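Student: I have a new structure to look at, and I would like to learn how to read it. Could you walk me through some features?

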Amino acid sequence: MTVYGTSAARDRQGWFLGLTGPQLLLVLTAAFPVWLAMAVGRWLALVVLVPAWVLAAVLVCVPVRGWSAAQWIGVLLRHLIGHAAGWTSWQSKAAAGRIDDPGEADLPGVLAGVVIHDGPPWAGRPGRPAIVQNLAGRTWAATARIVHPGIGMADEEERDRMGAGLAELFEAASGGTELHLLALQVRTVPDDGTARAQWTRDHRRDDEPELSHRIHAQVDAAMQGAAVRTEAFVTVVVHEDAVGRSARRAGRGVPGRARILYTTLAEVEARLLGAIGCTGVTWMNSADLAVAIRTGFEPGDAPALADAELQSMRDHTVAAGVPVAAAGPATADTTMRAYAHGDWRSVSTTILLPRRGVRMGALARALVPTRVGERRSLTVFYTPISPRAADRSTGRAEMSAAMGAEMRRKVGKVERAHDRRATQQLRETDEKLERGRSLVRVSSALAITIPAGWDTADYGRRLDASVRLCGFTPLPLDGSHDAAFAAATIPLGVGLPQRRTR
């Protein structure tokens, strides 16, 4: 059995015994009254100060569902302040009847800083890809709809080839300076049958026997509940710092940055169609991207939009698609446990990679809807790390591991298999970097979207259970479901906090 992910390690290694710099500073600050009491000989005060210091250390250091208790308190306070100030509720300009420019994006939350431009003509390509500018993150992006045969019927050799192709893509990106982020997104919904019904109407014969007609109708009815429609996107993101200088020589402004971005898009497309195994890569224009955003926020609009697209191919007077200004939801509201957008509610989680690794495609079960009307989406973010930053991060992790091993030896603590495996893993990573391999930061977000009238907590538990069945550990993103939904469902490469890696 081929296993993937066995070389994965934590992104942020603790400076001292697994503690980060802020955590270590808070623990030492909380211990200052204890040291002061010992210095002046107030031994009676130590009876109160030592338990208080232990409690503070526990609140700062012990993780609860991924975060410490102090971080959870901070999240709760920020949410309460935002709710009192009215920052958690949002209404679109379309709902208020105040649309000034149909091409201006109007999106809630972390997507508020997104501007969608029509890119310049791409030599030798039909259409003009949409250029997504994120003003908050200072990034530029383009999104493609991809077609992949999947890996369900692929053998181990073919899976290894696909994995090697993806690794080669990141190695090339780490050696360059343009690619900042690559996001792969998959959305699965129960098939509404619109395309199938149109195909049946176009190919039905008038002389079809009545028995054959009844059998086909029964088969369609039986398959309707089991059919699942999957759509996949890839988003390529570049940072302004990487393309700004080159854009000055390519025309400045949006056209100059788009021309620089097109070079990266061509390289990514070539590798997707190569060893990775994609059979189709179509870079989306503004109209296509608006439809993808709309169906992300409002899955119930997908059948009508698909039917309008099919009818427009026959009759050009039929309006298809949706304006960019109306692509977002009418209203949105953020709560601690869920995110409400229009007539739908979403619960999001992130996925922790198992220490022992998993088989490629292990998350397939987590993407299968359990009921008609439910939609699941997954986005995996790959951030290539430059060789210098990778070497610095690995060296710091090795130093921390060596310091921890030495302290355990001095206090007489037995070294466990977990500690030995972590140290050996760091050495293996260092050897791979020395041989020219790359280091990639991987993060993911998984969201389930259901109608507003359904039990959100129940479907959140179903999502966590399906992730655990796949061999992963779910980490619900309570307090940030709006940003997690944008990251998991909207193919714009936005939603995760940006960190400098160059």
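Student: Is the crossing of helix 2 and helix 3 left-handed or right-handed?

Tutor: Happy to help, and please keep in mind that this model is predicted. Helix 2 and helix 3 cross in a left-handed way. Helix 2 covers residues 32-40 and helix 3 covers residues 43-61, and their axes are 9 Å apart at an angle of about 165°.

Student: What does that angle tell me about how helix 2 and helix 3 run?

Tutor: Angles over 145 degrees count as roughly antiparallel, so helix 2 and helix 3 are roughly antiparallel to each other.

Student: Which residues meet where helix 2 packs on helix 3?

Tutor: From helix 2 come Pro33, Val34, Ala37 and Met38, and they meet Trp43, Leu46, Leu49, Val50 and Trp53 of helix 3. In this contact of helix 2 with helix 3, 9 residues are nonpolar, none are polar and none are charged.

Student: How should I think about a nonpolar core, and how many residues does the largest one have?

Tutor: The general idea is that in soluble globular proteins, nonpolar side chains tend to be buried together. Here the largest nonpolar core has 46 residues, and Leu182, Leu265, Leu272, Trp283 and Leu446 have the most contacts inside it. Helix 10 gives the largest share of this core, 7 residues. Apart from this core lies another, of 33 residues, including Ile293, Phe381, Phe485 and Ala488.

Student: What does Trp283 touch?

Tutor: Leaving out residues up to four places away in sequence, Trp283 touches several residues, among them Trp122, Arg125, Pro129, Leu265 and Glu269.

Student: Where is Val254, and which residues is it in contact with?

Tutor: Val254 sits in helix 10, residues 253-273. Beyond its neighbours within four places in sequence, Val254 is in contact with His117 and Trp140. Val254 and Gln133 are 121 residues apart along the chain, with 9.0 Å between their C-alpha atoms.

Student: Is Ser348 buried or exposed?

Tutor: Buried means a relative accessible area under 20%; Ser348 has 1%, so it is buried. Ser348 belongs to strand 12, residues 344-352. Outside its neighbours within four places in sequence, its contacts include Leu446, Pro476, His481, Ala484 and Phe485.

Student: Why is helix 16 described as largely enclosed?

Tutor: Helix 16 spans residues 481-489, and 8 of its 9 residues are buried, so the rest of the structure largely encloses it. Among the buried residues of helix 16 are His481, Ala484 and Phe485, and these three are also in contact with Ser348.

Conventions
Residues are numbered from 1 along each chain as its sequence is written. This is a predicted model: local features need pLDDT of at least 70, side-chain atom pairs count only at pLDDT 80 or more; totals for chains, interfaces and linings use all residues. Side-chain values use heavy atoms; hydrogens and water are left out. Buried means under 20% relative accessible area, exposed over 50%, partly exposed in between (1.4 Å probe, protein chains only). Helices (H or I, at least four residues) and strands (E, at least two) are DSSP runs, numbered from the N terminus. Contact means heavy atoms within 4.5 Å. Axes are lines fitted to C-alpha atoms, for helices over the stretch in contact, and angles run from 0 to 180 degrees between N-to-C directions. Angles under 35 degrees count as roughly parallel, over 145 as roughly antiparallel, 65 to 115 as roughly perpendicular and the rest as oblique. A crossing is left-handed if the near helix is turned anticlockwise from the far one by less than a right angle, and right-handed if clockwise. Ala, Val, Leu, Ile, Met, Phe, Trp, Tyr, Cys and Pro count as nonpolar, Asp, Glu, Lys and Arg as charged, and the others, Gly among them, as polar. A nonpolar core is a set of buried Ala, Val, Leu, Ile, Met, Phe, Trp, Tyr and Cys residues joined through side-chain atoms within 4.5 Å.
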